[in-house]
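Here is a friendly walk through a structure, told as questions and answers. Have a look at it first, and then we can begin.

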Amino acid sequence: MQTTAKRRLQNMRDWNPPYIWGIIVLSFVAMVAIARPDLLDVQNLISILQQASNRVIMALGAAGILLTVGADLSLGRILGLCMVFTGSLVQSVTYAGRMWPGLPALPLWMPLLVSILIAMLFCAFNGLGVAVFKLQSYIMTTGTQLIAYGAMCLYVESGPHGAAAISTFAPEFINLVNGGIPIAGEVEIPYLLLYGIAAALLVWLIWTKTPFGRNMRAVGAGREAAAASGIKVNRTIMGAFAMAGVLYGIAGYLDSARYAPLGTLARPEYTLNVLTACLIGGMSLQGGAGTVPGVVMGVVLLQFVNYTLAFLGVGSYYQYVIKGLLLILAASVDVRRYLLRKQRAEETEQQEG
Amino acid sequence: MKPLKNSESELRKKAAELKRREAALNEKEARLENEETGKPRMRDNLYARITIPVKVLDIIIWGVVILLVLAVAIGIIMGNRAPDLQEAQSVASLF
């Protein structure tokens, strides 16, 4: 018992996420809740979880890449591209300003498939650059995000109405994303929350119960060591990117219903939001560290912060400043963990020899 | 060779141990190379070139924390009014 308490204290002293982040964020939220108790209303809490759910799906994709090779900076633009493609394929057939006027009403799985294929194509390109050509993931994914952005602009402008915003979606699609299961009175469990939980469970199973998941962690901890122990490094990296592609595709599909009208400005800010959430959740920019519950917790905590700031009336420009500082803080804590580990390794080495 | 079949906790321990050894080896190698060439060496590890002491980094971290608290405080003071629930919900969804 005492050992556990000591370990927890040590974790806090070492700024180990998600311990320290949990304490910081929850005390912040507690302060706000005392000042304005209506923040902790059931409907509000469900709303926060609903908003976090889709981010959990995309963050799990990015976390897989972070675990294996490093940060993916193309996430936001790939997601934006998936959103505009999905949006253009699910517009209501009765809407006069449709992007593709002659297109019949498609079954809802078809735009999902298109969205996943597009995301997988870009992720496979990223994976090829990182695994085969040994490019740094930061460089490769920065390049890809520009390609994805260009492709998105070209696509949005290719319709008969020029660069008109994509809006007015089929009601069944809106219901599939924004609907929910009523439980009591006006309170309902949003479908998005269920999708988020399902994705988290699936990714948790892959990360912890399959050889592929263990290989991802081993590759992230050190490619040479992983290769020496018989792991097919390139295949593992490509697999991590492919898994991210599937999750980005699903997230883009779901997000298009929530943020219409869609245009060329679709969601570039997701990249750094997701990166911050992953770092808060205990992932490392070096790779090889992190868990699915940590990522989920990071996303939910960050969404709590967003919500609380909006609740307090903090202006959007200030929110950008705060988010930037949070990212720097999360990265600094990650570096601190590395330095501490190195320092302890050196101390052990000195003691041993 | 077959892929790893260890349990997750075992693998994590091994990965942490490997990382520790890799960091120590990198440091040793770099030290030797620096002595030979007189120039610092580029390495694969993203953080390997960071050499500042933990105490200095702690000061930086606390500096960022203070800035963060200040930013939140200024943001709250400058925000001219508290929004209602629906407005807060829609603003939060944008970030």
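Q: What does the secondary structure of chain B come to, in helices and strands?
A: Keep in mind that this is a predicted model. Read along the sequence, chain B follows the pattern α-α-α. Its secondary structure therefore comes to three helices and zero strands.

Q: How much of the area that chain B exposes do carbon and sulfur atoms supply?
A: Chain B has 95 residues, and 34% of them count as buried. The chain exposes about 6,700 Å². Of that area, carbon and sulfur atoms supply 61%.

Q: Is A:Leu40 buried, partly exposed or exposed?
A: You will find A:Leu40 in the loop between helix H2 (19-35) and helix H3 (42-68) of chain A. Its relative accessible area is 44%. Buried means under 20% and exposed means over 50%, so A:Leu40 is partly exposed.

Q: Leaving aside its neighbours within four places in sequence, which residues is A:Leu40 in contact with?
A: A contact here needs heavy atoms within 4.5 Å. With those sequence neighbours set aside, A:Leu40 is in contact with A:Ala33 and A:Leu45.

Q: Which residue stands opposite A:Ala184?
A: Strand E1 (residues 180-184) and strand E2 (residues 187-190) of chain A pair in the antiparallel sense over four bridges. They form a hairpin with two residues between them, and A:Gly185 in the turn has a positive phi of about 60°. Across from A:Ala184, in E2(A), stands A:Val187.

Terms used. Residues numbered from 1 in each chain as written. Chains lettered and ligands numbered in written order. Predicted model: local features only at pLDDT ≥ 70, side-chain atom pairs only at ≥ 80, totals over all residues. Heavy atoms only, no water. Buried < 20%, exposed > 50% of the residue type's maximum accessible area, 1.4 Å probe, protein only. Areas by Shrake-Rupley, 256 points an atom, 1.4 Å probe, with all protein chains shown as cover. Pairing = 2+ DSSP bridges.
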